[in-house]
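Colleague: Hi! Could you walk me through this one? I'm new to reading structures, so plain words please.

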Amino acid sequence: MLSDVELEIYRRAGKLVAEVREEVRKIVKPGEMLITIAETVEDLIRQKGARPAFPCNVSVNEVAAHYSPPATDESRVKEGDLVKVDIGAQIDGYIADTAVTVATGDDLEMVQAVERALEEAIKVIKPGIDVGDIGEAVEATALAAGFKPIRNLTGHALSRWTLHAGLTIPNVRGATGERLEVGDILALEPFITNGAGYVEDAPQAFIFRYVGDRPVRTRMARKMLFDIKRNYDSLPFAERWLAKGMSKLRLELTLRELINAGALYPYHVLKERAGGKVAQAEHTVIVTEQGCEVITR
Ligand code: CO
């Protein structure tokens, strides 16, 4: 169970990311660089007294998640793009996670449907329900609007310093045997699409996480791993955050060495299998006796 002090920190982190999310709605427009969006989000989090819990994800159209622009990224939002911005902040390891999708073209219906799916999911939450009941609410809402939920993306439980704390929250129906308890902290994140309803790993990865110390050959890799462990612990970090003062080639070779040694886990960019567009909405909630408290409103 959470102490009152912990609950207050969660509420602070939640309010802060909600404010950042509302700023993001204004800055995502055609012509804006993806890297500017990501860096603005991360700077706002720091200005408000927290730290990013993970790199800001700016995932466009058929890219569902895990795109965080590398330092050399020059791409911009184009007219008609569907842009998902996923935002996480942590205060002393207590994490709040929220996301927004901005339609710059005619995908407003999909955005409204995913936001509705999130609200329906929030309504069913209370202690004792199977997490599959949340998936059922998401799936029914998506299908009623003419879209498909993404079956192989899920929400997740949060705990201190841990972004994926065991419990997963499906976006489709089906009993799992996993039941909610008072005090569970959940990042609810329905994803819906006009494509096939599945995502696949793309070859690229721009977000990584420390797994453990491993013997590595080069001094550069040893130093990088040491710094990663100290700065980010086991929370995800961006390639971009390491890029300062390093050539792109050297950075990529060093990361490759650490991944191959099993010291880092790469989060591959996730793309919709049929190339459909994807919309996402997300809130962090705390399960209460009566239902839940949404900390990212
Ligand atoms: Co998120």
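**Strands, pocket and metal**

Modeller: Happy to! Let's start with one pair: Pro149 stands opposite Ile192 in strand 10. Keep in mind that this is a predicted model.

Colleague: Which strands does that pair belong to, and how many bridges join strand 6 to strand 10?

Modeller: Strand 6 and strand 10 (residues 191-193) are joined by two bridges, and they run antiparallel.

Colleague: And what is the order of the strands in that open sheet?

Modeller: The order is 6-10-14, three strands with antiparallel pairing. Strand 6 (148-149) and strand 14 are at the edges with a single partner strand each, so one side of each has no neighbour in the sheet.

Colleague: Nice. What about the open sheet of five strands?

Modeller: That sheet has the order 8-7-9-15-16, and its pairing is antiparallel. Its edges are strand 8 (168-169) and strand 16 (292-294); each has a single partner strand, so one side of each is left without a neighbour in the sheet.

Colleague: How many bridges join strand 9 to strand 15?

Modeller: Four, and strand 9 (residues 185-188) runs antiparallel to strand 15. To find a pair by eye, look for Leu186, whose bridge partner in strand 15 is Val285.

Colleague: Now strand 11. How many bridges does strand 11 have to strand 13, and how many to strand 12?

Modeller: Eight bridges join strand 11 to strand 13, and the two run antiparallel. With strand 12 (residues 237-238), strand 11 pairs over two bridges, also in the antiparallel sense. You can spot Ala205 opposite His268 in strand 13, and Phe208 has Phe237 in strand 12 as its bridge partner.

Colleague: Switching topic: what volume does the largest pocket have?

Modeller: The volume of the largest pocket is about 550 Å³. It is lined by 30 residues, and the closest to its centre are His66, His156, Leu163, His164 and Tyr267.

Colleague: Which elements give two or more residues to that lining?

Modeller: Those are strand 11 (199-210) and strand 13 (264-272). Strand 13 gives the largest share, with five residues.

Colleague: How do the lining residues divide into nonpolar, polar and charged?

Modeller: There are 14 nonpolar, ten polar and six charged residues in the lining of the largest pocket.

Colleague: And why does the pocket lie between domain 1 and domain 2?

Modeller: Because both give residues to its lining: domain 1 (4-200 + 275-294) and domain 2 (207-270).

Colleague: What are the protein donors of the cobalt ion?

Modeller: Asp86 gives two OD atoms, Asp97 gives one OD atom and Glu282 gives two OE atoms, at 1.9 to 2.8 Å from the cobalt ion. Along the sequence, the donor residues follow the spacing D-x10-D-x184-E. Asp86 and Glu282 are 196 residues apart and link distant parts of the chain: Asp86 is in strand 4 (residues 82-91), while Glu282 is in the loop between strand 14 (278-280) and strand 15 (283-287).

Colleague: Are Asp86 and Glu282 buried or exposed?

Modeller: Both Asp86 and Glu282 are buried.

Colleague: Last one: where does Thr72 lie?

Modeller: Thr72 is in the loop between strand 3 (63-65) and strand 4. Its relative accessible area is 47%, so Thr72 counts as partly exposed. Thr72 and Val17 are 55 residues apart along the chain, and their C-alpha atoms are separated by 26 Å.

Colleague: Thanks, that helps a lot!

Notes. Residues are numbered from 1 along each chain as its sequence is written. This is a predicted model: local features need pLDDT of at least 70, side-chain atom pairs count only at pLDDT 80 or more; totals for chains, interfaces and linings use all residues. Side-chain values use heavy atoms; hydrogens and water are left out. On a 1 Å grid over the protein atoms alone, a cavity is a set of points where a 1.4 Å probe fits but cannot get out, and a pocket is an open set with protein on both sides within 12 Å along at least five of seven lines; lining residues have an atom within 4 Å of a point. Grid points are joined across faces, edges and corners, and a volume is the space filled by probe spheres set on the points. Ala, Val, Leu, Ile, Met, Phe, Trp, Tyr, Cys and Pro count as nonpolar, Asp, Glu, Lys and Arg as charged, and the others, Gly among them, as polar. Domain bounds come from an automatic or database domain assignment. Donors are N, O and S atoms within 2.8 Å of the metal (3.2 Å for Na, K and Ca); water is not among the atoms, so sites may look incomplete. Buried means under 20% relative accessible area, exposed over 50%, partly exposed in between (1.4 Å probe, protein chains only). Two strands pair if DSSP finds at least two bridges between them.
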